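Reader: I have a sequence and a model open side by side, and I would like to go through them by question and answer. Please keep to what can be read from the coordinates.

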Amino acid sequence: MTIKPLIILPDPLLREHSKPVEHIDDGVRKFARDMLDTMYDAPGIGLAAIQVGEPIRMLVIDLAKEGEEPAPRIVINPEIVTSGEDRSIYEEGCLSIPDYYAEVERPATVRVKYLDEHGKPQEVDADGLLATCLQHEIDHLNGVLFIDYISKLKRDMVMKKFKKLAKDRPPSRMVG
């Protein structure tokens, strides 16, 4: 079990576009398990690789409620192929923006194609929380944060708060 350090706003890595995973091997699968361990430890329901410092197109999700059997999903090279016209609003939070929540409006349904941890093509028609979570994590892979969906005034306040907090904490990763 390896818990990875989380990348926290305003780290510029969160704005980078992640590159596709070229080969799915034991190293990728181990990294996915480390991501799951990190997500469970946080605790959270979704985590993109970029949030632990790896700009690759991979995310993990587990929407099992407390007391339910874990239901982890490893999603590699995801792509939203269709979005429904209906909209839904969820209060979202983010492990990279701790203790901040805001209502975000997104498509209520999406179809996502991806590769599983064995390289097998998968497709999921998602609605509800799964649709929101997939969109949130895929946004991370594209350098988009959920605060980009809120008003500029609120977003500026969040950025100011996290820039101030960043000055008071040690760097979250090594620069190399």
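Reader: Leaving aside neighbours within four places in sequence, which residues is His-140 in contact with?
Author: This is a predicted model, and in it His-140 is found in helix α2. His-140 has 1% relative accessibility, so it counts as buried. Beyond its neighbours within four places in sequence, the residues in contact with His-140 are Leu-14, Glu-16, Ala-48, Ile-50, Gln-51, Cys-94 and Leu-145.

Reader: How many of the residues of α2 are buried?
Author: Among the buried ones are Leu-130, Cys-133, Leu-134, Glu-137 and Asp-139. The helix lies across β1, β2, β3, β6 and β7. It is mostly covered, and the buried count is 12 of its 14 residues.

Reader: How far apart are the end C-alpha atoms of α2?
Author: At 1.5 Å a residue, the 14 residues of α2 should span 20 Å. The distance in the model agrees with that: the end C-alpha atoms are 21 Å apart.

Reader: Which glycine with a positive phi follows α2?
Author: Helix α2 covers residues 128-141. The glycine that follows has a phi near 75°, and is Gly-143.

Reader: Which element supplies the largest share of the largest nonpolar core?
Author: This core has 33 residues, and those touching the most other members are Leu-9, Ile-97, Tyr-100, Leu-134, Phe-146 and Ile-147. Elements that each supply at least two residues include β2 (58-61), β5 (97-107) and α3 (152-167). The largest share is six residues, and it comes from α2.

Reader: What does Leu-134 touch, not counting residues up to four places away in sequence?
Author: Leu-134 is one of the buried residues of α2. It is also among the core members that touch the most others. With residues up to four places away set aside, Leu-134 touches Leu-59, Ile-61, Val-112, Val-124 and Ala-126.

Reader: How many residues are in the second, separate core?
Author: Members of this second core include Ala-32, Met-39, Met-58 and Val-60. It is separate from the core already described, and its size is 15 residues.

Reader: Why is there no bond between the sulfurs of Cys-94 and Cys-133?
Author: Cys-94 is buried, with a relative accessible area of 9%, and Cys-133 counts as buried at 6%. A search of the whole structure finds zero disulfides, where a disulfide needs sulfur atoms within 2.5 Å. The cysteine sulfur closest to that of Cys-94 is in Cys-133, and it is too far for a bond, at 10 Å.

Reader: Which strands stand at the edges of the five-stranded sheet?
Author: The sheet is open, with antiparallel pairing and the order β1-β2-β3-β6-β7. Two strands have a single partner each, so one side of each is left without a neighbour in the sheet. Those edge strands are β1 (46-48) and β7.

Reader: Where does α1 lie, and at what angle to β2 does it run?
Author: Helix α1 takes in residues 26-41. It lies across β1, β2 and β3 (73-83), and its angle to β2 is about 45°.

Reader: What stands opposite Lys-113 in β7?
Author: β6 and β7 pair in the antiparallel sense over seven bridges. They form a hairpin with five residues between them, and Gly-119 in the turn has a positive phi of about 85°. Tyr-114 stands opposite Gln-122, and the residue opposite Lys-113 is Glu-123.

Reader: Which residue of β5 is the bridge partner of Ser-88?
Author: Strand β4 (residues 87-94) and β5 pair in the antiparallel sense over seven bridges. A hairpin of two residues joins β4 to β5. The bridge partner of Ser-88 is Arg-106.

Reader: What is omega for the cis peptide bond between Ala-42 and Pro-43?
Author: Most peptide bonds are trans. The bond from Leu-9 to Pro-10 is cis, with omega near 10°, and Pro-10 is found in the segment before α1. Pro-43 is found in the loop between α1 and β1. For the bond joining Ala-42 and Pro-43, omega is about -10°.

Reader: Is Asp-99 buried or exposed?
Author: Asp-99 is found in strand β5, and its phi is positive, near 65°. Its relative accessible area is 67%, and the cut-off for the upper class is over 50%. Asp-99 is therefore exposed.

Note on methods
Residues numbered from 1 in each chain as written. Predicted model: local features only at pLDDT ≥ 70, side-chain atom pairs only at ≥ 80, totals over all residues. Heavy atoms only, no water. Core = buried A, V, L, I, M, F, W, Y, C linked by side-chain atoms within 4.5 Å. Buried < 20%, exposed > 50% of the residue type's maximum accessible area, 1.4 Å probe, protein only. Helix = DSSP H or I, 4+ residues; strand = E, 2+ residues; numbered from the N terminus. Contact = heavy atoms within 4.5 Å. Pairing = 2+ DSSP bridges. Axes fitted to C-alpha atoms, helices over the stretch in contact; angles between N-to-C directions. Expected span 1.5 Å × (residues − 1).
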